[in-house]
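Here are some exercises to work through with the model open in your viewer. Try each task before you read its solution.

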Amino acid sequence: MEQVRAAETARVLIEALPYIQRFSGATVVIKYGGNAMDTEELQNSFARDIVLMKAVGINPVIVHGGGPQIGELLNKLGKESKFVQGMRVTDSETMDVVQMVLGGLVNKQIVNLIHRNGGRAVGLTGKDGQLIRARKLLIKATEADAPEFKVSEIIDIGHVGEVQAIDTRVVEMLADSDFIPVIAPIGVDDDGTSYNINADLVAGKMAEVLRAEKLILLTNVAGLKDKQGKILTGLSAERVKELIADGTIYGGMLPKIECALSAVQNGVASSHIIDGRVAHAVLLEILTNAGIGTLITRR
């Protein structure tokens with residue numbers, strides 16, 4: 001039995017070898033959050049994946065979310081969470097909570113998780129080293145927002161932003177050393193006002209400006225599915241546009257797909273949408289023949 005297990009371990013390592021050789025020295029940006037954070041087992045499997053990647057010469061950069069944790073603390077404080085078009089309305093008091101949860105609690109938990117699994121990580125927010133310059137996100141009301149708002153009316157959802165620019169120097173300095181950057185998606189504008197930014201969008205823009213080899217978005221589905229429920233992979237940018245046009249891609253999956261699509265159209269070699277509920281999902285996608293989830297490339 002011992003020999004059988006040893007032989008299987010050797011087979012797995014040999015299968016991974018060409019991928020390790022190919023991606024050694026490359027940058028991989030990973031959006032981590034939601035269901036992948038749900039259990040201690042999944043948290044540790046994610047951390048081990050990241051530590052192993054760094055050990056074999058791949059440079060992981062982590063961007064994390066924390067929506068459920070923000071909602072939980074707001075609830076404890078007796079503050080109701082309100083959403084418009086899936087985005088949390090963020091007044092100044094809520095923004096203080098966002099910064100405490102994302103920049104403090106969640107960020108440091110992930111850093112500590114990597115340390116406990118043998119790696120070295122540094123936690124950042126977009127405020128550190130002027131990493132993420134933000135601007136206020138302006139959204140237009142749709143029919144779904146009526147009657148509270150008139151269609152096409154600009155809705156003020158407070159301290160919710162979008163990425164204006166990214167200064168990668170602090171991330172590159174860490175990634176080129178023994179450290180793994182762990183980034184909370186908080187940006188700041190030229191006046192010093194802080195903004196909460198969607199973590200998928202930050203990860204996508206980070207991958208673009210770093211000219212990353214891969215953008216990996218962990219989610220709570222097995223991947224992009226066709227109308228018969230079959231997982232689609234090996235998709236070109238053109239094919240993704242066709243799937244959006246014919247209604248195969250819709251609803252909550254659209255923002256992730258558009259983020260992945262933008263990345264490959266702006267210099268990232270490939271984007272991956274994978275199931276964060278699967279143990280070692282990141283390694284399965286990067287270092288095995290079968291992969292897991294949906295792969296999108298430029299062509």
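Before the first exercise, a definition: rings of Phe, Tyr and Trp (its six-membered ring) pair if their centres lie within 6.5 Å; planes under 30 degrees apart count as stacked, over 60 as edge-to-face and the rest as tilted. We're working with a predicted model, where local features need pLDDT of at least 70, side-chain atom pairs count only at pLDDT 80 or more, and totals for chains, interfaces and linings use all residues. Residues are numbered from 1 along each chain as its sequence is written, and side-chain values use heavy atoms, with hydrogens and water left out.

**Exercise 1. Find the aromatic pair and classify it.**

Step 1: searching the whole structure turns up one aromatic pair. Step 2: the ring centres of tyrosine 32 and phenylalanine 46 are 3.8 Å apart and the planes are at 5°, so this pair is stacked. Step 3: place the partners. Tyrosine 32 sits in strand β1 and phenylalanine 46 in helix α2, 14 residues apart, so to speak linking distant parts of the chain. Helices (H or I, at least four residues) and strands (E, at least two) are DSSP runs, numbered from the N terminus.

**Exercise 2. Work out how α2 sits against α4.**

Step 1: get the geometry. The axes of α2 (residues 40–55) and α4 (residues 92–116) come within 9 Å and cross at roughly 70°. Axes are lines fitted to C-alpha atoms, for helices over the stretch in contact, and angles run from 0 to 180 degrees between N-to-C directions.

Step 2: name the angle. Under 35 degrees counts as roughly parallel, over 145 as roughly antiparallel, 65 to 115 as roughly perpendicular and the rest as oblique. That's why α2 and α4 are roughly perpendicular to each other.

Step 3: list who touches whom (contact means heavy atoms within 4.5 Å). Gln43, Asn44, Ala47, Ile50 and Val51 of α2 make the contact with Leu113, Ile114 and Arg116 of α4.

Step 4: sort by class. Ala, Val, Leu, Ile, Met, Phe, Trp, Tyr, Cys and Pro count as nonpolar, Asp, Glu, Lys and Arg as charged, and the others, Gly among them, as polar. For α2 with α4, you get five nonpolar, two polar and one charged.

**Exercise 3. Do the same for α3 on α4.**

Step 1: α3 (residues 67–76) packs on α4 at about 125°, with the axes 9 Å apart. Step 2: α3 and α4 are therefore oblique to each other. Step 3: Gln69, Ile70, Leu73 and Leu74 of α3 meet Thr94, Val97, Val98, Val101, Leu102 and Val106 of α4. Step 4: the tally for this contact is eight nonpolar, two polar and no charged residues.

**Exercise 4. Trace the sheet.**

Step 1: eight strands make an open sheet, ordered β5-β10-β2-β1-β13-β15-β16-β14, with mixed pairing. Two strands pair if DSSP finds at least two bridges between them. Step 2: β5 (121–125) and β14 (235–236) are the edge strands, each pairing on one side only. Step 3: β15 (residues 270–275) and β16 (residues 294–297) run antiparallel and are joined by four bridges. Serine 270 has threonine 297 in β16 as its bridge partner. Step 4: add helix α6 (residues 199–209), which lies across β1, β2, β10 and β13 and runs at about 175° to β1.
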